[in-house]
Amino acid sequence: MKLHQSFKWIQISVVAAIATIAAPQVFAQDAGTRVAVVNSEKVFNESNLAKAMQTRLQNEFTKRQNDLRDSAQKIKSAAEKLDRDAAVMNEAERVRRQRELADQDRELQRKQREFTEDLNQRTFEERAKIAEKANLVLKQIAEQRKIDLIVQEAAYASPKADVTDDVIKALNSQK
């Protein structure tokens, strides 16, 4: 009985030792695998396409943004005037003006939500266009350099594995 238990422990120890030796080899990458990293936020912020996107969006939404700012200022001024004049107004007039201000404020908030939604949607559309072009460039870089895998947003990457600047240069050279 004691011999059987000792033999069993020896077997378990041998299996554990083999697993310890073999596990790193099983999980290790193939020595020929080449990996690169790209920082997509940097591409979205620094490429000429991204700068052009910002300009387009700014041109498209500046007027609406200014109109919303003007409306907010008018409502604020009207509210301040109501506060100053409330003491000399009759009750019905004061209530009517408060309701008008509340309605105007609700309308402004609705317009601000619509503005934000429209801006977010357009930004998403423009970023999708840039991402599509960047993915084509990434594929070209991977084929040229024989890279097997390109990772976005790595927690750490050696500068020699980072292809972000090359992607930006390639995007900037496109017409």
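Which residues are linked in a network of salt bridges? They are Arg56, Glu60, Arg122, Glu125, Glu126 and Lys129. Welcome to this protein chain, which you are viewing as a predicted model. The chain has 175 residues, of which 19% are buried, and the structure holds 18 salt bridges. The points below start with the whole chain and then turn to some of its residues.

**The chain as a whole**

- The protein chain contains 5 helices and 2 strands.
- Read from the N terminus, these elements follow the order α-β-α-α-α-β-α.
- Among the helices are H3, covering residues 48-85, and H4, covering residues 91-145.
- Further along come strand S2, at residues 149-152, and helix H5, at residues 164-173.
- Of the contacts with a separation of 6 or more, 81% are between residues 24 or more positions apart.
- The accessible surface amounts to about 13300 Å², and carbon and sulfur atoms contribute 54% of that surface.

**A salt bridge between two helices**

- Glutamate 126 and arginine 56 form a salt bridge in which the closest N and O atoms are 2.5 Å apart.
- This pair links distant parts of the chain, since glutamate 126 sits in helix H4 and arginine 56 in helix H3, 70 residues apart.
- Are the two partners buried or exposed, or something in between? Glutamate 126 is buried, because its relative accessible area is 3%, whereas arginine 56 counts as partly exposed at 39%.
- Both glutamate 126 and arginine 56 belong to the salt-bridge network named at the start.

**Salt bridges within helix H4**

- Glutamate 125 and arginine 122 also meet through their side chains, with a distance of 3.1 Å from N to O.
- These two residues are 3 positions apart in helix H4, so about one helical turn separates them.
- Arginine 122 is buried, with 18% relative accessible area, while glutamate 125 is partly exposed at 33%.
- The cut-off explains that label: buried means under 20% relative accessible area, so arginine 122, at 18%, falls in that class.
- Glutamate 125 and arginine 122 are members of the network as well.
- Another pair in helix H4 is glutamate 100 and arginine 96, whose side chains form a salt bridge of 2.2 Å from N to O.
- Glutamate 100 and arginine 96 are 4 residues apart, which is about one turn of the helix.
- Both of these residues count as partly exposed, glutamate 100 at 35% relative accessibility and arginine 96 at 38%.

**Two residues with positive phi**

- Where does lysine 146 lie? Lysine 146 is in the loop between helix H4 and strand S2.
- Although lysine 146 is not a glycine, its phi is positive, at about 55 degrees.
- Lysine 146 counts as exposed, because its relative accessibility is 62%.
- Glutamate 153 is found in the loop that runs between strand S2 and helix H5.
- The phi of glutamate 153 is near 55 degrees, a positive value in a residue other than glycine.
- With a relative accessibility of 44%, glutamate 153 counts as partly exposed.

Terms used: Residues are numbered from 1 along each chain as its sequence is written. This is a predicted model: local features need pLDDT of at least 70, side-chain atom pairs count only at pLDDT 80 or more; totals for chains, interfaces and linings use all residues. Side-chain values use heavy atoms; hydrogens and water are left out. Buried means under 20% relative accessible area, exposed over 50%, partly exposed in between (1.4 Å probe, protein chains only). Contact means heavy atoms within 4.5 Å. Accessible areas come from the Shrake-Rupley method with a 1.4 Å probe; for residues, only the protein chains shown count as cover. A salt bridge is a side-chain nitrogen of Lys or Arg within 4 Å of a carboxyl oxygen of Asp or Glu.
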